Amino acid sequence: MEPKIDGSTRFTGATDVVFTAMEDEAVLLHLSSKRYYGLNETGMRIWQMVQIGASVSEMAVALAEEYDVTEADAQDAVSALCRELLEEELITPSSSA
Amino acid sequence: MTPHDDQWPSAPPDDRHSASLSVMGVDCRVTSNTGDVIPLVRAFCAPGAGITAHDAPPSMALHIQVGRGLPEIPPGAAFRFEHFGTVCYSDHQSLWLQDSGVVGRLIGGEAFGLLCWGVQDEAGLHGLQRALIVTVIELLRRAGRYQLHASCVARNGLCVLFPGEQRSGKTTAALAMARGGWQCLTDDLVFLCRGPAPDQVSALGWQEHLNVGVPTLDAFGLREHVEGLRTDGRFTVDPAHAVSPAAAGLHSPGVIILTQIADDARSRLQPAKRGTVLARIIRHSPLVLVTGIRAEEHLSVLHDLVAQCACYELHAGRDVLEGALPALVGPVVEVAD
């Protein structure tokens, strides 16, 4: 069953994922699955906010300010990326604070 | 301890045939129960000999057991990849290799490899030679020498890397640059290591035979120097007839050029985003994706390599065969230097 993602959802990065950033792109290397993933500038920003424990809505507020988009659009983008990261087991939902 | 561990010694047995080699600046002790195989390994490692690196030499060990049967690969080991006939598996303890008449094990994080050569026939000899490729590359990785599929040319202490998969134009690029006065470290296999500064990366070249297709063979006048025909239809050529070898030792990468062959008369060279380059060269460093051993450091080395280089994409047109590449690359190298 897909985990529910809403504005209060927070995540934790998987411990066996290596992150390396290069200018405005980043690469995630999953040591267990042996797969690597590319993140664009927005994806990299979302990953960094996941690491500091930001909730989905907190991430959306930050992106809306930084990229001059609506919070609703930003939250859709955050939710979509987090869903992908969950499917690839790069992050897991953490318990709400 | 698995039921299979007793078939696989975890350290070099005390067999009397041995040799000490230096491979890419790493001290390698090779042992065997027979003296026949030592010269074979020495010849195999010759392209990597005579090189010193920045650090005190790390060490690795390889034992080759001949004619004592073939141990089993544990059924729990999962398939990882195939490298020109050598099939590789891994479990949480080891990397396992299998080829014609040969099985091997590289234990955990140790710089020790064991190859068992069951039957000393021609097929088994070729299997051993192929298995040695994967074995030596992985042992070198554990000793801090990280493989990258790339050609590499050098001049005045600075080198240019052309990473790429098979048939991407790496060898042609190296030959074209050599024609323009550059020295060739390798047309296929670069080893990266840290140094001289902690955040710097240096390159070492492993040069064996050149592998070229017909257009390159003819464009560079190499037909009379063909030594053999590969199963993939490409020709092997002694590099002594084609390129001026660079001095053995460390070189400093300053430019990375991702190459793809374009159906075009003229080549185009354009700046590439470093993130894109990093993702591409990860693809040409396959062993970082197989085991977690030193993967983080390997990725860090690739990151720092890209960070220290100017990065470009080359759409290689037919003019590469006519000598256009050195003039195209020259200006970007001058900026990087």
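These legends accompany several close-up views of a predicted model with chains A and B.

**View 1. Chain A as a whole, with its elements in order.**
Welcome to chain A, whose secondary structure consists of 3 helices and 5 strands. Read from the N terminus, the elements follow one another as β-β-β-β-α-α-α-β. The C-alpha trace extends over about 35 × 35 × 20 Å along its principal axes. For 97 residues, a compact globule would be expected to have a radius of gyration near 13 Å, and the 13 Å of chain A agrees with that. Of the 97 residues, 29% are buried. If you like contact maps, take the contacts in chain A between residues at least 6 apart in sequence: 49% of them join residues at least 24 apart.

**View 2. How confident the predictor is along chain A.**
The mean pLDDT of chain A is 90, and 95% of its residues reach 70 or more. Where in chain A is confidence lowest, and where is it highest? The low end is β4(A), with a mean of 87, while the high end is helix α2 of chain A (residues 56-67), at 95.

**View 3. The three-stranded sheet of chain A.**
Here we look at an open sheet of 3 strands in chain A, ordered β2-β3-β4 and paired antiparallel. Its edge strands are β2 (17-22) and β4 (35-39) of chain A, each of which pairs on one side only. On average, neighbouring strands of this sheet are turned by 20 degrees against each other, direction ignored. As a reminder, strands of a sheet pair through backbone hydrogen bonds, either parallel or antiparallel. Strand β3 of chain A (residues 25-30) is joined to β4(A) by 5 bridges, and the two run antiparallel. For a handy landmark, find A:L28, which stands opposite A:Y37 in β4(A).

**View 4. A helix of chain B laid across strands of chain A.**
Which helix of chain B lies across β2 and β3 of chain A? Look for α6 of chain B, residues 295-308. The helix α6 of chain B runs at about 5 degrees to β2(A). β2 of chain A is one of the edge strands from the previous view.

**View 5. Chain B as a whole.**
Now over to chain B, with its 7 helices and 19 strands. Its C-alpha trace spans about 60 × 45 × 35 Å along the principal axes. A compact globule of 337 residues would have a radius of gyration near 20 Å, and chain B, at 20 Å, agrees. Buried residues account for 46% of the 337 in this chain. Among the contacts in chain B between residues at least 6 apart in sequence, 67% link residues at least 24 apart.

**View 6. Strand β10 of chain B and its two pairings shown here.**
Strand β10 of chain B covers residues 158-163 and is mostly covered, with 5 of its 6 residues buried. Its pairing with β9 of chain B (residues 146-155) is antiparallel, over 6 bridges. Within that pairing, B:R155 stands opposite B:L158 in β10(B). The hairpin of β9(B) and β10(B) has 2 residues between the strands, and B:N156 there takes a positive phi near 50 degrees. With β17 of chain B (residues 252-261), β10(B) pairs in the parallel sense over 4 bridges. To find this pairing on screen, start from B:V160, whose bridge partner in β17(B) is B:V255.

**View 7. Two sides of helix α1 in chain B.**
Helix α1 of chain B (residues 37-45) has B:V37, B:V41 and B:C45 buried. Seen down the axis of α1(B), the buried residues fall within an arc of 70 degrees, so they line one face of the helix. On the other side of α1(B), B:P39 and B:A43 are exposed. What covers the buried residues of α1(B)? The cover includes β1 (17-23), β2 (26-32), β3 (59-66) and α2 (122-142) of chain B.

**View 8. A loop glycine in chain B.**
B:G109 sits in the loop between β7 (102-107) and β8 (112-117) of chain B. Is B:G109 buried or exposed? B:G109 counts as exposed because it has 12 C-beta neighbours inside 10 Å, and the cut-off for exposed is 12 or fewer. The C-alpha atoms of B:G109 and B:L95, 14 residues apart along the chain, are separated by 9.8 Å.

Conventions. Residues are numbered from 1 along each chain as its sequence is written. Chains are lettered from A and ligands numbered from 1 in the order in which they are written. This is a predicted model: local features need pLDDT of at least 70, side-chain atom pairs count only at pLDDT 80 or more; totals for chains, interfaces and linings use all residues. The radius of gyration is taken over C-alpha atoms; the globule rule is 2.2 Å times the number of residues to the power 0.38. A residue is buried if 20 or more other C-beta atoms lie within 10 Å of its own, exposed if 12 or fewer, and partly exposed in between; C-beta atoms are placed from the backbone. Two residues are in contact if their C-beta atoms, placed from the backbone, lie within 7 Å. Two strands pair if DSSP finds at least two bridges between them. Axes are lines fitted to C-alpha atoms, for helices over the stretch in contact, and angles run from 0 to 180 degrees between N-to-C directions. pLDDT is the predictor's confidence in each residue, from 0 to 100. The arc is that of the directions from the helix axis to the C-beta atoms.
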